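Here is a protein model to look through together. Keep the sequence beside you while you read, and find each part in the 3D view as we go.

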Amino acid sequence: MMAVMPARRSVRILLFGAALALLLAVGLGLYALRDSRARVIDESTDATGWKTLEYEGVRVNIPSDWERLDMGGCDFRFERWAPQGVSPCDPDAEGVAFYGSATFDPDLGPGVIRNDGEDPKIPGWEGYVYAGEFAVHASSNDRAVVEGILDSAK
C-alpha cells in the first residue's frame, strides 16, 4: 500500500520548486538581456586618432574611425571592428577580432607577421596576442596599426 504524503510537505515541495523555477527564469532573462558587444570606453586615448574598446574584460586601442561590424548574417559570429565598408563576413579583411582563446587555432605563434602578398585582398600585416579569455587578432596594410592594437591589448 502506498503511503500518502502529508499535505504540509507537499506544499513545501511545490513552493520550493516554484521558487527555484522563478530564480532560474530571472537568471536566464538577465543573461539574455546582457549586451555582450564591445563598447567604446575612451574616445581620446593617449594617441590621437585612436579609441579604446572594452570587450568582456579585455581592453584594446583601435583607430578612431573603425566601427563595430554586424556579424548577424555570417556563418561565424564574434566581436569584430573594422574600417567602414569592410565586409563583415570576410575573415581576411582589415580589422580587429576577438576569438575565444580556447577554440583559436593559429598557424603561427603570437606577434606580427607580414603576409606574402599573393592575395591583394588580404592586408599586408596581421597578428594576434592573448588577452584574458581571448585571442585578439588584428590586420591592416599599416604595420604600425597592427602593432598599436596588439601592444594595447590587456
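## Before we start

Strands here are runs of at least two residues that DSSP labels E, and they are numbered from the N terminus. One more thing to keep in mind: this is a predicted model.

## The largest pocket

Let's begin with an open space. The largest pocket has a volume of about 450 Å³. It has 20 lining residues, and the ones closest to its centre are Phe104, Pro106, Asp107, Glu126 and His137.

Which strands each give at least two residues to this lining? They are β7 (111–114), β8 (125–131) and β9 (134–140). The largest share comes from β8, with three residues. Sorted by class, the lining has ten nonpolar residues, six polar ones and four charged ones.

## Glu126, up close

Glu126 sits in strand β8, and we just met it among the residues closest to the centre of the largest pocket. Is Glu126 buried or exposed? Neither, really: it counts as partly exposed, because its relative accessibility is 22% and the buried class stops at under 20%.

Now look at what is around it. Glu126 and Ser139 are 13 residues apart in sequence, yet their C-alpha atoms are 4.0 Å apart in space. Leaving out residues up to four places away in sequence, Glu126 touches Gly111, Val112, Ile113, Asn115, His137, Ala138, Ser139 and Val146.

## A six-stranded sheet

The strands around that pocket are part of something wider. Six strands make an open sheet in the order β4-β5-β6-β9-β8-β7, with antiparallel pairing. At the edges are β4 (67–68) and β7, each of which pairs on one side only.

What holds paired strands together? Strands of a sheet pair through backbone hydrogen bonds. Try following one pair: β6 (residues 95–100) and β9 are antiparallel over six bridges. Along this stretch, Tyr99 stands opposite Ala135 in β9.

## The second largest pocket

Tyr99 also turns up somewhere else: it helps line the second largest pocket, along with Met71, Cys74, Asp75, Phe76, Phe78, Pro88, Cys89 and Pro91. This pocket holds about 210 Å³ of space. Its lining has eight nonpolar residues, no polar ones and one charged one.

## The nonpolar cores

Time to go inside. The largest nonpolar core has 22 residues, and those with the most contacts inside it are Val60, Ile62, Val96, Phe98, Val136 and Ile149. β2 (50–55), β3 (58–63), β6, β8, β9 and α2 (143–152) each supply at least two residues of this core. The largest share, four residues, comes from α2. There is also a second, separate core of eight residues, with Met71, Cys74, Tyr128 and Ala135 among them.

Pick out Val136 to see how busy a core residue can be. Setting aside neighbours within four places in sequence, its contacts include Val58, Val60, Val96, Phe98, Tyr128 and Leu150.

## A hairpin to finish

Finally, find β2 and β3, which pair in the antiparallel sense over six bridges. They form a hairpin with two residues between the strands, and there Glu56 takes a positive phi near 45 degrees. Beside that turn, Tyr55 has Val58 of β3 as its bridge partner.

How many of the six residues of β2 are buried? Six of six, so the strand is mostly covered. In a regular strand the side chains alternate between the two faces of the sheet. You can check this in β2: Trp50, Thr52 and Glu54 point one way, while Lys51, Leu53 and Tyr55 point the other way.

Note on methods: Residues numbered from 1 in each chain as written. Predicted model: local features only at pLDDT ≥ 70, side-chain atom pairs only at ≥ 80, totals over all residues. Heavy atoms only, no water. 1 Å grid on protein atoms, 1.4 Å probe; cavity = no way out; pocket = protein on both sides within 12 Å on 5 of 7 lines; lining within 4 Å. Points joined across faces, edges and corners; volume = space filled by probe spheres on them. Nonpolar A, V, L, I, M, F, W, Y, C, P; charged D, E, K, R; others polar. Pairing = 2+ DSSP bridges. Core = buried A, V, L, I, M, F, W, Y, C linked by side-chain atoms within 4.5 Å. Buried < 20%, exposed > 50% of the residue type's maximum accessible area, 1.4 Å probe, protein only. Contact = heavy atoms within 4.5 Å.
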